[in-house]
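Please open the model in a viewer and keep the sequence panel visible beside it. The tour below proceeds by selections, each followed by a description of what is found there.

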Amino acid sequence: MPIYEFHCNKCDANFEQLLMGGDKPECPKCASNDVNRLLSACGFVSKGGGGETVSSSAGVSSCAGCSATSCSSCGSS
Ligand SMILES: [Zn+2]
């Protein structure tokens, strides 16, 4: 199932959302569409919010959207 993890740029919340084709992710807290998609299959397990906070500079890493600079499950081909 295509459940993706997102980070809201507006209120800094992380959330997961099931994306159907054409759906736009929306923050459940502030209803903003200003969100980044994270790659949740990338090493860390989401425990339902609160624990993991991704730095706002995520995305400059080689592992797009992942806070790790490299991981075996993401982007390696
Ligand atoms: Zn938000």
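A disulfide is a pair of cysteine sulfur atoms within 2.5 Å. By that criterion, the structure holds zero disulfides. Please note at the outset that this is a predicted model.

**The whole chain**

Begin with a cartoon view of the protein. Its secondary structure consists of three strands and zero helices, and the order of elements from the N terminus is β-β-β. Strand S1 covers residues 3-8, whereas strand S2 spans 14-18 and strand S3 spans 35-38. Of the 77 residues in the protein, 27% are buried.

**The zinc ion**

Next, select the zinc ion and display the side chains around it. Which protein donors does the zinc ion have? They are the SG atoms of Cys8, Cys11, Cys27 and Cys30, which lie 2.3 Å from the ion. The four donor atoms of the zinc ion make angles of 106 to 114 degrees, and the site is tetrahedral. For comparison, the ideal angle for four tetrahedral donors is 109.5 degrees.

Now mark the donor residues of the zinc ion in the sequence panel, where their spacing reads C-x2-C-x15-C-x2-C. Select Cys11 and Cys30 as a pair: Cys11 belongs to the loop between S1 and S2, and Cys30 to the loop between S2 and S3, so together they tie parts of the chain that are 19 residues apart in sequence.

**The four cysteines, one by one**

Colour the cysteines by accessibility and visit each in turn. Is Cys8 buried or exposed? Cys8 is buried because its relative accessibility is 0%, under the 20% limit. This cysteine is found in strand S1. From Cys8, draw a distance to Arg37: the two C-alpha atoms are separated by 8.9 Å, with their positions 29 residues apart along the chain.

Cys27 also counts as buried, at 1% relative accessibility. Cys11, by contrast, has a relative accessibility of 33% and counts as partly exposed. Cys30 is partly exposed as well, with a relative accessible area of 28%.

**Loop residues with positive phi**

Move to Asp12, in the loop between S1 and S2. Although Asp12 is not a glycine, its phi is positive, at about 70 degrees. Then select Ala31, which is placed in the loop between S2 and S3. Ala31 likewise has a positive phi, near 65 degrees, in a residue other than glycine. Its relative accessibility of 44% makes Ala31 partly exposed.

**Buried residues in S2 and S3**

Select Phe15, a residue of strand S2. Phe15 is buried, with 7% relative accessible area. Add Lys29 to the selection: the C-alpha atoms of Phe15 and Lys29 are 9.2 Å apart, and the two residues are 14 residues apart along the chain.

Continue to Leu38, in strand S3. Leu38 has a relative accessible area of 4% and is therefore buried. How many residues separate Leu38 and Phe6 in sequence? The two are 32 residues apart in sequence, while their C-alpha atoms are 5.3 Å apart in space.

**The surface**

Finally, switch to a surface view and select Ile3, Leu18 and Met20. These residues make a nonpolar surface patch of about 250 Å². Within the patch, Ile3 lies in strand S1 and is partly exposed, having a relative accessible area of 39%.

The last stop is Gly21, in the loop between S2 and S3. Is Gly21 buried or exposed? Gly21 is exposed because its relative accessible area is 80%, which is over the 50% limit. Draw one more distance, from Gly21 to Pro2: the C-alpha atoms are 10.0 Å apart, and the residues are 19 residues apart in sequence.

Note on methods:
Residues numbered from 1 in each chain as written. Heavy atoms only, no water. Buried < 20%, exposed > 50% of the residue type's maximum accessible area, 1.4 Å probe, protein only. Patch = residues over 30% accessible without salt bridge, like charges linked within 9 Å, V, L, I, M, F, W, Y side chains within 5 Å. Areas by Shrake-Rupley, 256 points an atom, 1.4 Å probe, with all protein chains shown as cover. Salt bridge = Lys/Arg side-chain N within 4 Å of Asp/Glu carboxyl O. Helix = DSSP H or I, 4+ residues; strand = E, 2+ residues; numbered from the N terminus. Donors = N, O, S within 2.8 Å, 3.2 Å for Na, K, Ca; no water. Tetrahedral: all angles 85-135°; square planar, octahedral: opposite > 155°, others 65-115°.
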